[in-house]
Each structure stands twice: as structure tokens, then as C-alpha cells.
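Here are my notes on the model you sent round. I've kept them as numbered points so you can follow along in the viewer.

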Amino acid sequence: RLVLGIETSCDETGAAVLDETGTILGESLHSQKEVHLKAGGIIPPVAQRLHEENINRVVQEALDRSGITPRELSAVATTVKPGLALSLGVGLRFSLSFVRRHEKPFIPIHHMEAHALTVRMLRHVDFPFLVLLVSGGHSLLALARGIDDFLLLGQTLDEAPGDTLDKVARRLSLINHPKCRGLGGGQAIEHLAKEGDRLRFQFKSPMGQHYDCNFSFAGIRNQVTMAINKKEKQEGIEPGQLLSCVQDIAAAAQHTIASHITKRTHRAILFCKARDLLPQNNPTLVVSGGVASNDYIRETLRIVTDATGLQLLCPPAKFCTDNGVMIAWNGVERLKQGKGVVSHTQDVTYEPKAPLGRDISTEVRDAT
Ligand code: ATP
Ligand code: FE
Ligand code: MG
């Protein structure tokens, strides 16, 4: 069984051909990150145009590198939810015309389910396992019980941690910082934080009194912004000109975000243990999403997984961010279980908003 996976939900155009063991036969990825970084954020029509300009080449490259012809494919799997409407539309239109032309089965994919299951392509991980997804667009904790069976334990009430880091980086003009050339927001903060003293600024981790597993990052960003405003005023400089203590601010912001993510994850672990939702044997926390590549956050999480006896698994960075491989893998898993192939492609639509699994975040109470 051979599956072509296609991803266009946000700002990456990705394609990959996988066999059923999860071996990547060919892949290609075009990132729009640089364009959006310069614009100060993703402008959906720009993302759409870039997907349209690149999708043919990206898919062709993945196929060429795999040496597989469209005729040999068992199915095409494509992200149809959640994501930016204009971006999802490009991938879906391309895929539907591809599967009609080559008479192939089509498997619509949920982007977050694909993130959550990627780890199973890399190593043996049985259901159920706990998963933390932290990226530029999402922050959520879920129990993965099967390839299409997720229990949503908590999610962000406002913004996602990658978004917070990107906004702080933009506020500090890190794109112009000599030590941060070519780095994205989260990477720039992580890099500077290594030289910073996180105790020189104190930011509060929110939601201490909220006995659930939801997240909130807007308040952290607000505290960081106020500290930057104050410093700039003290030094009598223009916004974005601060240099003296950016490392310390980066270290404190990163620490507070790590601490918040870890506390919420700790609650989720205790909740699952109290309800006997995790296996006795090798209970596992999988962490994925762009923010999961942050070493400080990983190490902070490790303290909690060590203390609670969980195995912590983080796929390598290239599998944590958006790509075609994870979409193809989700297609492989679905094909193996006979799930998800649509019988009428004319009924398939994309869905910008689509929750992951059954939401029990309101039932998660008093875990500690
Ligand atoms: P989503 O996948 O939820 O739609 P996205 O495409 O923005 O959103 P990813 O591509 O998974 O998410 O990750 C990008 C985010 O990860 C950015 O916000 C970026 O700042 C953050 N990020 C990348 N590297 C690091 C790092 N080393 N430390 C912290 N954050 C990071
Ligand atoms: Fe993603
Ligand atoms: Mg992305």
C-alpha cells in the first residue's frame, strides 16, 4: 500500500509518498515562513497564492523522488481541516482533480489527528497515550485512544504559545537582532534565553485556580509587553530598540510559558491516572507541534513525566512542524483500518474549524 499525502492547511505546502510501514519514499516541502515573517503575520490571500504557485511542483517532486507513478498509488490523503480556509481550499481542489484524473481513492485528513499520530510512524506506541500539541496555531492536550478516537482534555482559551512567542519576538524586533538572523520567533527567543537570567523579570503563570487542563497565553504576553514598555520608557528609546535586557526578557517569557504548559500537562496526567485512562505498562506522553522543538520546554516537561512515571516522546523537529509526511502516515493508518476513504468526492468540503475528538475539557475537574 502506497499513500500520497498532501498538506496545505497553513503556511507549508507539503507532499510525501509513504509505504505502509511508514518508510518515506519521497517528500517535498515548501515553507512560506520567510514571506510571512517579513509581513509580520500570515495574510491568507498571500498564503493561498503561494500554495497555488507551489503545489504542482511540490507534489511532482515527492512523486519523482519516490520513483512511484500516480498509477501505483493506493490512495491520496489530504488535510481538509482545521486550518485557513483559503489554504485548505488549494490542497483540496488540487487533490480532488488529481484523484479524479488518476481514479484513486481519497482520504480526507484532520491536521491535528495527523500531528498526534506521527509518532507511531517512527516507533511502536500503543493506544491509549496522552498527547500535547503546542504550535503557532494550537495548544491542546488530548488522550489518543485510536486513530480516529480522541478525548480532548484541554485547549487554549485565547492564543497558542508559538503565536505568543512570535508576537513577543516581533515586539522586540528580534528579526533585526544580530544574534537572531534567519531565526523564527520561537527559535530567536530560545536562542537569546540561553544567555539570559530568567529571574530578572517575574511573570505570573496564569490559571492557577482553574481546575482543568485548558491553557491561556494572552496574559503572559500582556505582562511581557508591559515589562518591555516600561524598560523602553526608562531608557528613553523607541519601541523595538531595546537591547540591554532582551535576553533576560526572553528567558523569563520562555520560562513562564514552559511552566504554564507543564502545569497544565501535569494536571492532565493526574486526571488520566485518577480515571485509569492510561495503560499501566509504559504510559506515554507524546509532545508535538513547532513549540515542542524547544529544549527548555522539553526539559521542563521531563521533570513532570519523570515524577509521574511517564515516558516522554518528542518526534524530531522536522516531524513536529507541518509537512506532507504526517498526512500520508495518517492516510496509511486509515487505509490499514479501512477507515476514511470517501465514496463520493463531490461531497468533500474543507472545514476551517474542527475540534479534535470529543471535548471533555469541562469534565476535567479536581484532578489534583
Ligand atoms: P499549526 O500547525 O497549529 O497550524 P503553525 O504552522 O504555526 O500552526 P508549526 O509549524 O507546528 O505551527 O510551528 C510553528 C511555531 O512554532 C511558531 O510559532 C514558532 O515560533 C514555534 N517554534 C518553532 N521553533 C521553536 C522553538 N525552538 N521554541 C519555541 N517555539 C518554536
Ligand atoms: Fe500544524
Ligand atoms: Mg505551519
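1. Let's start with helix 6 (residues 161–171) and helix 7 (residues 185–193), which in this predicted model pack at an angle of about 70° with their axes 7 Å apart. Angles of 65 to 115 degrees count as roughly perpendicular, and helix 6 and helix 7 are therefore roughly perpendicular to each other. On the helix 6 side the contact uses Gly162, Leu165, Asp166, Val168, Ala169 and Arg170, and helix 7 brings Gly185, Gly186, Ala188 and Ile189. Sorted by class, that contact has 5 nonpolar, 3 polar and 2 charged residues.

2. Both helices also turn up at the ligand: helix 6 and helix 7 each give at least two residues to the shell around ligand 1. Which of the 21 residues around ligand 1 come nearest? They are Gly136, Gly137, Gly162, Gly186 and Gly290. As for the make-up of that shell, count 14 polar, 4 charged and 3 nonpolar residues.

3. Back to helix 6 for a moment. Of its 11 residues, 8 are buried, so helix 6 is largely enclosed by the rest of the structure. The buried ones are Pro161, Gly162, Asp163, Thr164, Leu165, Asp166, Val168 and Ala169. They pack against strand 6 (129–134), strand 7 (139–146), helix 7, helix 8 (218–235) and helix 9 (246–274). Have a look just past the end of helix 6 too, where Ser173 has a positive phi of about 50°.

4. Strands 6 and 7 belong to an open sheet of 6 strands, ordered 10-9-6-7-8-11 with mixed pairing. Strand 10 (311–313) and strand 11 (358–359) sit at the edges with a single partner strand each, so one side of each has no neighbour in the sheet. Inside the sheet, strand 6 runs parallel to strand 9 (residues 284–288), joined by 4 bridges; Leu130 has Leu285 of strand 9 as its bridge partner.

5. There's another open sheet, with 5 strands in the order 3-2-1-4-5 and mixed pairing. Strand 3 (24–31) and strand 5 (106–110) are its edge strands, each pairing on one side only. From one strand to the next, the twist averages 20°. Strand 1 (residues 2–7) and strand 4 (residues 75–81) run parallel and share 4 bridges, with Gly5 partnered by Ala77 of strand 4.

6. Finally, the helices over that sheet. Helix 2 (residues 44–66) lies across strand 1, strand 2 (12–19) and strand 3, at about 160° to strand 3. Helix 12 (residues 324–336) lies across strands 1, 2, 3, 4 and 5, at about 135° to strand 1.

Notes: Residues numbered from 1 in each chain as written. Chains lettered and ligands numbered in written order. Predicted model: local features only at pLDDT ≥ 70, side-chain atom pairs only at ≥ 80, totals over all residues. Axes fitted to C-alpha atoms, helices over the stretch in contact; angles between N-to-C directions. Parallel < 35°, antiparallel > 145°, perpendicular 65-115°, else oblique. Contact = placed C-beta atoms within 7 Å. Nonpolar A, V, L, I, M, F, W, Y, C, P; charged D, E, K, R; others polar. Near = placed C-beta within 6 Å. Buried ≥ 20, exposed ≤ 12 C-beta atoms within 10 Å, placed from the backbone. Pairing = 2+ DSSP bridges.
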